[in-house]
Amino acid sequence: MVKVALLAAVLASASTAYAQCGSGTPNARVTGSTGAYVATNGSRQLYSGSDYRLAIQTAIDSISSGQRISVIASGSIGASTITIQSGKTFEGCGTINVGNRSGRGAIESTGTTNVNIPYLTMTGNPYFGLLFYGTRGLSLGTINLNLSAGMGIRFHRDEPMNYDVSMTTINCNGPSSHCVETWNIDGLKIGSVVARNVGECGLLLQAVRNANVGLVDCNNCATGTGYATLRFANRNGRLSSGSYDHNIFIDRVISRGGGRGLFCVSESGGAVINNLDLASNGNNAVLIENCYNIQIKGGTVKGGGEVRLSARTEFANNRDHQITLRVDDTTVRESPCGTNIRWNISGNARTTLCSANGGGGSSGGTTTRPATTTSRAATTTRTTAASGGGSGAALYGQCGGQGWTGPTTCASGTCKVSNQWYSQCLP
């Protein structure tokens, strides 16, 4: 019941934004209902018939770059694909039900510039709900994916880079794979990813650089898998120079149940996470494995799997991490010892940390002790958010939501509601 209530609240907030979908005078429209769809462009009728997908594609193909299509009607496109070309705005005001077309997206835009999808509600079991690669200036607004299987949003591997991608609010419920999986993006801005009952990751970032993410919120994601609410993989955060200077910025991660909460692997890094709020994760609450220059500024881990720094032999070991957390009712372990790892752990967790990294004991060894009062490294400092009366939250930072006690104004941008629990400073 709790999960249903959470999803209902998320979708209710999205419905407010949807009141604007199709407003004004779109250049093309798809109206009607099952068996009787009509596509128009201005006063011209382009299509009339029972094929929902054909009505939509005909309307899209009729507009030019800089123009807008609004799909007012709901219907099913089956196991087929809608293609959006450069410069076009696609509004999905109705509900688009989709089937599984192997290896393809129900909606695709590839090799395009300045495509905009401000509103979309999708149901069904796609292979990929939305598929992209080789894009520049892609903008996704409020995207609701209520799926019974498949993956929500995918940016393909082994395809050209994407540049300057933005997503405002992505809501997922029920996909058997990831909610959002990204590859090969330079310049990514995400307001929030809110996922419920997702088979794999809420947000999976791979080979992405220069990213700003507000909220990743998962309930029952990645259960029984090696995935996580938020996962960095495949040299995510590695700059073109080969360095791992901070360029991936995550404001808040919330994870309840499911698999891992946060997972960094395979030579990823360069990330700053302002706040973790993890509880009852079924695998590692946090697993950092062969990653570089990760900073966790604060937050809580309650129960569930351990907080772990680990390493495989095929990659260079962990280095240059700063981790500040309150951890209760689980363990914190560093094995093998990394380089320049600075810990600041409070709570009742039992810790096994390397002495050179703040664990105490003889140099190079490990010490196991309850983490009740001491910080593990004097050089680690925790940065807290300004109060509501201060200078305000930074761009893409949190500025409100149920239970939020931090800043409620924005130093840059405008505070906009994503859902009941999260408001964010957006441009």
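Select Tyr52 to begin: at 1% relative accessibility, this residue counts as buried, the cut-off being under 20%. You are looking at a predicted model, so keep that in mind as you click along.

**Stop 1: the partner of Tyr52**

Now add Tyr37, which is buried too, with 3% relative accessibility. A search of the whole structure turns up 4 aromatic pairs. In one of them, the rings of Tyr37 and Tyr52 have centres 4.8 Å apart and planes at 45 degrees, so this pair is tilted. Color strand β2 (residues 36–41) and helix α2 (residues 52–62): Tyr37 belongs to the strand and Tyr52 to the helix, so the pair ties together parts that are 15 residues apart in sequence.

For another aromatic pair, go to Tyr127 and Phe128, which meet edge-to-face, with 4.8 Å from centre to centre and 90 degrees between the planes. Turn on the surface here: Tyr127 is partly exposed, at a relative accessible area of 36%, whereas Phe128 is buried, at 6%.

**Stop 2: along helix α2**

Go back to α2 and show its side chains. Which residues of α2 are buried? They are Tyr52, Ala55, Ile56, Gln57, Ala59 and Ile60. At the start of the helix, select Asp51, where a side-chain oxygen comes to within 3.2 Å of the backbone nitrogen of Arg53.

**Stop 3: into the core**

Keep Ile56 selected and add Phe90, Ile117, Leu130 and Phe232. These five have the most contacts inside the largest nonpolar core, a set of 84 residues. In soluble globular proteins, nonpolar side chains tend to be buried together. Color strand β15 (residues 203–221) next, because the largest share of this core, 8 residues, comes from that strand. Apart from the largest core there is another one, of 7 residues, including Leu204, Ala233, Val265 and Leu287.

Then center on Ile117. What does Ile117 touch, leaving out residues up to four places away in sequence? Its contacts are Ile84, Phe90, Ile107, Leu130, Phe132, Ser139, Leu140, Gly141 and Ile143.

**Stop 4: strand β8 and its neighbours**

Ile107 makes a good bridge to the next view, strand β8 (residues 105–110). Of the 6 residues in β8, 5 are buried, so this strand is largely enclosed by the rest of the structure. Show the backbone as well. Strand β6 (residues 82–83) pairs with β8 in the parallel sense over 2 bridges, and Ile82 has Ile107 as its bridge partner in β8. Strand β10 (residues 128–133) also pairs with β8 in the parallel sense, over 5 bridges; find Ser109 and look for its bridge partner in β10, Phe132.

**Stop 5: charges over rings**

Select Arg260 and Phe263 together. The charged end of Arg260 sits over the Phe263 ring, 4.5 Å from the ring centre. Then move to Arg319, which lies over the face of Tyr292 at 4.1 Å from the centre of the ring.

**Stop 6: Asn293**

Stay with Arg319 and add Asn293, a residue in strand β21 (residues 292–296). Is Asn293 buried or exposed? Asn293 is buried, with a relative accessible area of 18%. Show what surrounds this residue: leaving aside neighbours within four places in sequence, Asn293 is in contact with Tyr244, Asp245, His246, Gly269, Gly270, Ala271, Arg319, Asp320 and His321. Arg319, seen earlier over the ring of Tyr292, is thus also one of the contacts of Asn293.

Terms used:
Residues numbered from 1 in each chain as written. Predicted model: local features only at pLDDT ≥ 70, side-chain atom pairs only at ≥ 80, totals over all residues. Heavy atoms only, no water. Phe/Tyr/Trp six-rings, centres within 6.5 Å; stacked < 30°, edge-to-face > 60°. Helix = DSSP H or I, 4+ residues; strand = E, 2+ residues; numbered from the N terminus. Buried < 20%, exposed > 50% of the residue type's maximum accessible area, 1.4 Å probe, protein only. Lys NZ or Arg CZ within 6 Å of the ring centre and 35° of its normal. Core = buried A, V, L, I, M, F, W, Y, C linked by side-chain atoms within 4.5 Å. Contact = heavy atoms within 4.5 Å. Polar contact = N/O pair within 3.5 Å; in protein donor to acceptor, adjacent residues only side chain to side chain. Pairing = 2+ DSSP bridges.
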